[in-house]
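Reader: Can you walk me through the inside of this protein? I'd like to go one question at a time.

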Amino acid sequence: ICSLCGGFLSEHWLGKEAPVISELPPPKRKYFARILAQGGWAEFQKLLRDAKKVAKRRGVKIAEVAIAWVLQQGASSVIVGPGSSESHLAGSVSALSLQLTSEDVALLSRPTPQSLGAKTSPEVYEDERDASNAIGAALAPFRNTSHLGPSRKDEALARATADPHRAFVVEEMEALGLAKEAEAAKAARASLGSPGPGLDTAGLQGVWLETAEKLRSARVDDGAALRVMREALGSLGAEAQKKRDRK
């Protein structure tokens with residue numbers, strides 16, 4: 001994805017003063033809180049400057065360098081989203097074939113967050129919910145308290161009831177320990193049959209499942225992956241228009 005770290009890993013934030021967390025859009029706050037806990041804004045600016053040096057000599061953007069770095073650290077895959085423009089999409093796809101040199105990797109090398117005093121957790125969102133953690137403490141003023149809204153399990157059940165064909169609905173309930181409900185969702189999905197190609201409530205099903213299959217065999221170096229993504233964007237637009245027309 002082009003906007004890594006909530007968009008902070010980009011030229012837009014290079015040389016900028018640290019933002020005020022309360023003035024950031026909600027989706028960006030958790031990334032900013034993590035930056036502060038894992039070295040601070042000054043250290044992050046050093047990282048952006050070094051990433052820009054690599055990007056400049058390779059003729060790419062900072063986000064593309066970041067994607068390439070993640071892959072060269074041993075990641076077997078990376079999610080490539082459509083971005084906000086065709087240039088973002090092209091940049092994301094081209095980053096998959098970008099090979100950083102040993103000099104590039106050495107320049108981008110950093111101490112682990114833990115060595116800088118950060119307390120991170122392998123559990124998804126755990127450190128963001130822990131008020132004793134620097135990340136959780138920074139986010140605490142913006143977090144809804146549990147008694148004011150539905151629990152994660154209630155929300156998962158509501159989503160499954162509203163749309164049994166929603167992507168990952170069964171997997172979500174299994175992850176939350178809702179074994180009986182997950183089996184019921186499987187049965188409901190089977191009884192309804194296939195929804196056919198199109199968009200689910202999250203906009204992830206149908207067209208994207210077909211696209212993912214095509215991308216498995218596409219060659220990045222000859223531009224096939226980019227063409228597949230362009231076709232997918234066109235199909236999504238057509239499906240969205242059909243949905244609007246039916247309304």
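Author: Sure, terms before we start: buried means under 20% relative accessible area, exposed over 50%, and partly exposed in between (1.4 Å probe, protein chains only). Helices (H or I, at least four residues) and strands (E, at least two) are DSSP runs, numbered from the N terminus. This is a predicted model, where local features need pLDDT of at least 70, side-chain atom pairs count only at pLDDT 80 or more, and totals for chains, interfaces and linings use all residues. Residues are numbered from 1 along each chain as its sequence is written, and side-chain values use heavy atoms, with hydrogens and water left out.

Reader: Which residues of helix 3 are buried?

Author: Helix 3 covers residues 62-72. Its buried residues are Ile62, Ala63, Glu64, Val65, Ala66, Ile67 and Ala68.

Reader: Which element gives the largest share of the largest nonpolar core?

Author: A nonpolar core is a set of buried Ala, Val, Leu, Ile, Met, Phe, Trp, Tyr and Cys residues joined through side-chain atoms within 4.5 Å. Of the 28 residues in the largest one, Phe8, Trp41, Phe44, Val65 and Leu100 touch the most other members. Two or more residues each come from helix 1 (26-37), helix 2 (41-58), helix 3 and helix 7 (134-139). The largest share, 6 residues, comes from helix 2.

Reader: Which side chain joins that of Asp50 in a polar contact of 2.8 Å?

Author: Asp50 sits in helix 2 and is buried, with a relative accessible area of 14%. A polar contact is a pair of N or O atoms within 3.5 Å; within protein, one must be able to donate a hydrogen and the other to accept it, and residues adjacent in sequence count only if both atoms are side-chain atoms. The partner at 2.8 Å is Arg110.
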